[in-house]
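Reader: Got a minute to walk through this one with me? I'd like to start with the empty space inside and then wander a bit.

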Amino acid sequence: MRKHLKKINNTTGMSNEKTIKSALISVFSKNGLEPIVKELNKQGVTIYSTGGTQNFINDLGIDVVPVEDVTSYPSILGGRVKTLHPKVFGGILNRQNHDGDVAELLEYEIPQIDVVIVDLYPFEKTVASGASTQDIIEKIDIGGISLIRAAAKNYSDVICVSSVEDYAEFLELISENNGVISEENRKRFAGKAFNVSSHYDTAIFNYFNKNHDEAALKISETKGKVLRYGENPHQRGFFFGNFDELFTKLHGKELSYNNLLDVDAAVNLMNEFKNDAPTFAILKHNNACGLAQRDTLHQAYIDALAGDPVSAFGGVLISNKEIDLATAEEIHKLFCEVVIAPSFSAESLEILKGKKNRILLKIHDVELPNMNVRSCLNGILLQDKNNVTDTLEGLKNVTNNSPSQYELEDLIFASKICKHTKSNTIVLAKNKQLCASGTGQTSRVDALEQAIHKSQSFKFDLKGAVMASDAFFPFPDCVEIAKNAGISAVIQPGGSIKDQLSIDFCNENNVSMVMTGTRHFKH
């Protein structure tokens with residue numbers, strides 16, 4: 001055992017720099033580890049290791065001290081317990097400027113550890129793979145997370161390399177400085193380490209609390225991006241999340257805070273039409289200003305743009321099908337911020353890249369989160385995502401007249417748009433084309449009148465159009481205004497104690513109405 005002991009004080013001069021003389025390495029991922037091990041060996045560093053990492057280092061022809069030689073205890077319980085021992089953690093947690101600690105190291109023959117390199121078991125990847133419960137449980141790292149916390153806590157004397165993502169930076173540090181590490185860098189790596197450990201524990205808690213049995217919220221995102229600014233130039237803005245998991249960015253400038261909000265709204269809206277006929281939507285300030293479904297994507301875009309060609313300027317465009325040449329040629333005539341599609345033909349890309357700042361995003365088939373989170377007062381609001389989409393099977397006809405098949409299809413079409421429009425909202429549609437919507441109004445009557453005025457300003461004939469409302473009608477005024485504008489069918493949740501007033505008006509004026517039983521407020 002004594003042959004592994006080093007002189008404990010490895011401080012360089014009177015500064016806070018430390019020279020690495022010993023290293024404990026226990027990693028899951030060996031990618032990028034080889035050059036680190038070779039550099040440590042070249043600098044005469046004593047390397048301690050165990051299990052697969054020890055075998056990896058041995059295979060490089062480099063001497064390594066098994067942890068079992070330090071602890072005089074074998075790896076037990078199928079590898080569950082390897083490094084959890086006072087002689088390991090004493091070597092990491094001792095204070096080198098503390099005479100009592102130094103004396104105890106000598107008394108108990110505990111080697112000083114100057115660097116701890118750990119890469120944890122891939123818990124999140126294992127969960128995402130659909131592995132069995134037992135496999136997931138086995139990927140909860142115990143020894144590794146303990147090593148990280150110990151080494152990071154004692155950054156005054158130890159540097160902790162806590163992830164494969166930090167291998168390259170650590171290698172550069174020791175290579176350029178011949179193993180001498182400043183306290184500033186040790187503290188910085190400690191911050192990285194606690195980021196790793198807190199994120200890891202959050203992922204484990206959220207796995208066990210996926211049904212929210214505990215009324216606790218833990219959010220951890222390690223991939224962050226500083227945006228140019230927030231909603232306005234005087235506000236700071238950040239995005240935390242794995243954007244590259246959802247999109248491949250093919251062209252354009254960096255996305256802004258407002259771009260990201262519009263992209264989020266666009267993706268959630270188009271998910272309603274994901275497997276439908278060619279559908280195109282144009283959004284502005286998180287609301288659809290144009291949406292149409294046609295036999296070809298080119299015609300779907302033309303008709304979506306017709307819904308509001310004024311608001312489309314500077315908007316976000318999204319399709320549920322590949323962008324082809326004909327569609328790209330039309331899009332290129334419009335100034336737009338973002339174009340999103342599952343794919344782009346080579347010819348369409350060549351055209352759309354003609355505007356250097358236009359952002360082109362290829363969307364991947366990735367499941368979106370099932371919870372909505374937003375700040376509120378001095379806390380956070382959390383709710384289930386609105387995953388209910390109105391269907392033909394779920395409609396209840398409440399009037400003497402029943403909607404025609406065409407009207408039923410338009411009602412579902414309008415309802416899908418309504419669900420993703422700011423409340424209070426009214427959506428008017430005809431032949432699977434958005435005619436207009438009233439968005440974010442304090443009165444449902446105002447929302448309807450806004451929608452009618454807007455549709456008429458763009459020369460839509462509302463005779464035979466349908467109306468969707470995100471919530472019930474407390475009075476018959478809305479159905480009366482709609483009927484006078486030419487609306488022939490209405491879809492709404494129902495649920496008002498005065499529902500019958502609206503039903504009676506519809507019966508007296510040959511307007512059909514269906515109820516869904518599901519409100520779609522969006523604030």
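Author: Sure. First a definition: helices here are DSSP runs of H or I with at least four residues, numbered from the N terminus. Also keep in mind that this is a predicted model.

Reader: Okay, which helices help line the largest cavity?

Author: Helix H3 (67-71) and helix H4 (86-93) each supply at least two residues of that lining. The full lining is Leu-24, Tyr-48, Val-67, Val-70, Lys-87, Val-88, Pro-111 and Ile-113.

Reader: What volume does the largest cavity have?

Author: About 60 Å³. The count comes to three cavities of 30 Å³ or more.

Reader: Leu-24 and Tyr-48 are both in that lining. What's the bridge partner of Leu-24 in E3?

Author: Tyr-48 is the bridge partner of Leu-24. Strand E2 (residues 22-27) and E3 pair in the parallel sense, over four bridges.

Reader: Which way do the E3 residues point, and are they buried or exposed?

Author: Strand E3 covers residues 46-49. Thr-46 and Tyr-48 point one way, Ile-47 and Ser-49 point the other way, and all are buried.

Reader: What sits between E2 and E3 in the β-α-β unit?

Author: Helix H1 (residues 33-42), and the unit that E2, H1 and E3 make is right-handed. E3 also pairs with strand E4 (residues 65-66), in the parallel sense over two bridges. Ser-49 stands opposite Pro-66 in E4 there. The chain gets from E3 to E4 through helix H2 (residues 51-59), in a right-handed β-α-β crossover.

Reader: Switching topic: how many aromatic pairs are there?

Author: The structure holds 10. Take Phe-123 and Tyr-207: their ring centres are 5.8 Å apart and the planes are at 85°, so the pair is edge-to-face, given that the cut-off for that is over 60 degrees.

Reader: Where do those two, Phe-123 and Tyr-207, lie?

Author: Phe-123 is in helix H6 (residues 123-128) and Tyr-207 is in helix H10 (residues 183-208), so the pair ties together parts that are 84 residues apart in sequence. Both Phe-123 and Tyr-207 are buried. Ring pairs also link Phe-123 and Tyr-207 with Tyr-200 and Phe-208 into a cluster.

Reader: And how are Phe-313 and Phe-335 arranged?

Author: That aromatic pair is tilted, with 4.9 Å centre to centre and 45° between the planes. Phe-313 lies in the loop between helix H13 (297-306) and strand E13 (315-319), and Phe-335 in the loop between helix H14 (325-331) and strand E14 (336-341), so the pair ties together parts that are 22 residues apart in sequence.

Reader: Why does Phe-313 count as exposed, and Phe-335 as partly exposed?

Author: Phe-313 has a relative accessible area of 51%, and exposed means over 50%. Phe-335 comes in at 41%, so it counts as partly exposed.

Reader: Which rings have a lysine's charged end over them?

Author: Phe-189 has the charged end of Lys-192 over its ring, 5.7 Å from the centre. Phe-205 has that of Lys-218, 5.3 Å from the ring centre.

Reader: Last one: what lines the second largest pocket?

Author: That pocket is lined by 26 residues, and Val-267, Met-270, Asn-271, Glu-272 and Lys-274 lie nearest its centre. The elements giving two or more residues to the lining are helix H12 (257-270) and E13. H12 gives the largest share, three residues. The pocket's volume is about 530 Å³.

Conventions. Residues numbered from 1 in each chain as written. Predicted model: local features only at pLDDT ≥ 70, side-chain atom pairs only at ≥ 80, totals over all residues. Heavy atoms only, no water. Phe/Tyr/Trp six-rings, centres within 6.5 Å; stacked < 30°, edge-to-face > 60°. Buried < 20%, exposed > 50% of the residue type's maximum accessible area, 1.4 Å probe, protein only. Lys NZ or Arg CZ within 6 Å of the ring centre and 35° of its normal. Pairing = 2+ DSSP bridges. Right-handed = clockwise from strand over helix to strand, strands pointing away. 1 Å grid on protein atoms, 1.4 Å probe; cavity = no way out; pocket = protein on both sides within 12 Å on 5 of 7 lines; lining within 4 Å. Points joined across faces, edges and corners; volume = space filled by probe spheres on them.
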